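Dear colleague,

I am passing this structure on to you. Please look it over, then read the notes below.

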Amino acid sequence: SWTKNSVTLSSYFVVSPNGEQNASELTTSGTTPYIGHTPTIIQGNTYTLGCFVKKGTSRWVRLTNGSSSVTGAWFDLENGVVGSRSASSLSSSIESYGDNWYKIQNTVIGQTNNNTLLGLSDADGGTTTTQTGNTVYFWGFQVEEGSYATSYIPTRGQSATRAKDTASIDLI
């Protein structure tokens, strides 16, 4: 289940990077807007948070576990760059997927607060907004234990174990 704070959520709003109309729109309705999920996080372990985002009218988003001041990373959806990072954010990245979609990732040291969240803000390093009605689109939110993200795993909100990757080559 998702926790919504100062946002409204419209599901199946736009076409996601997989080509289906299954991405959601977040619209700010208060000063500290975010959508969060509470997976089982073990304090001190390394986790990689990721999702696909597309700018609506909101330029800045943050991806974090627990308090943004501890593990947050901020992403500029207008320029496609990573903004500031908190001390327990080990690494973060933003990658273009075409049609103004970006895959954002933040690798963190897990905190006691299990809430992982995608938040909207007015500026780099901020957690609040002064305007209501700003939007951002998101899809494919994923939390993985480890120091890097794997490819998107469609779990529909349930825990899943990734199958082992294999490779083969045919010799002529």
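**Thr135, the sheet and the cavity**

Thr135 is part of strand 12. Please keep in mind that the model is predicted. With a relative accessible area of 8%, Thr135 falls under the 20% cut-off, so this residue counts as buried. Setting aside neighbours within four places in sequence, the contacts of Thr135 are Glu25, Leu26, Thr27, Gly56, Thr57, Ser58 and Leu120.

Strand 12 belongs to an open sheet of six strands, with the order 2-3-12-5-10-9 and antiparallel pairing. Strand 2 (7–14) and strand 9 (89–96) are at the edges; each has a single partner strand, so one side of each has no neighbour in the sheet. From one strand to the next, the twist averages 30°.

At one of these edges, strand 2 is joined to strand 3 (residues 23–28) by five bridges, and the two run antiparallel. Thr27 in strand 3 has Thr8 opposite it. Thr27 is also one of the residues in contact with Thr135.

A search of the whole structure for cavities of 30 Å³ or more finds one. The volume of the largest cavity is about 70 Å³. Its lining has 13 residues, and those closest to the centre are Gly50, Cys51, Lys103, Gly140 and Gln142. Strand 5 (46–55), strand 10 (101–109) and strand 12 (135–145) each give two or more residues to this lining. The largest share, five residues, is from strand 5. By class, the lining consists of five nonpolar, six polar and two charged residues.

Regards

Conventions:
Residues numbered from 1 in each chain as written. Predicted model: local features only at pLDDT ≥ 70, side-chain atom pairs only at ≥ 80, totals over all residues. Heavy atoms only, no water. 1 Å grid on protein atoms, 1.4 Å probe; cavity = no way out; pocket = protein on both sides within 12 Å on 5 of 7 lines; lining within 4 Å. Points joined across faces, edges and corners; volume = space filled by probe spheres on them. Helix = DSSP H or I, 4+ residues; strand = E, 2+ residues; numbered from the N terminus. Nonpolar A, V, L, I, M, F, W, Y, C, P; charged D, E, K, R; others polar. Buried < 20%, exposed > 50% of the residue type's maximum accessible area, 1.4 Å probe, protein only. Contact = heavy atoms within 4.5 Å. Pairing = 2+ DSSP bridges. Axes fitted to C-alpha atoms, helices over the stretch in contact; angles between N-to-C directions.
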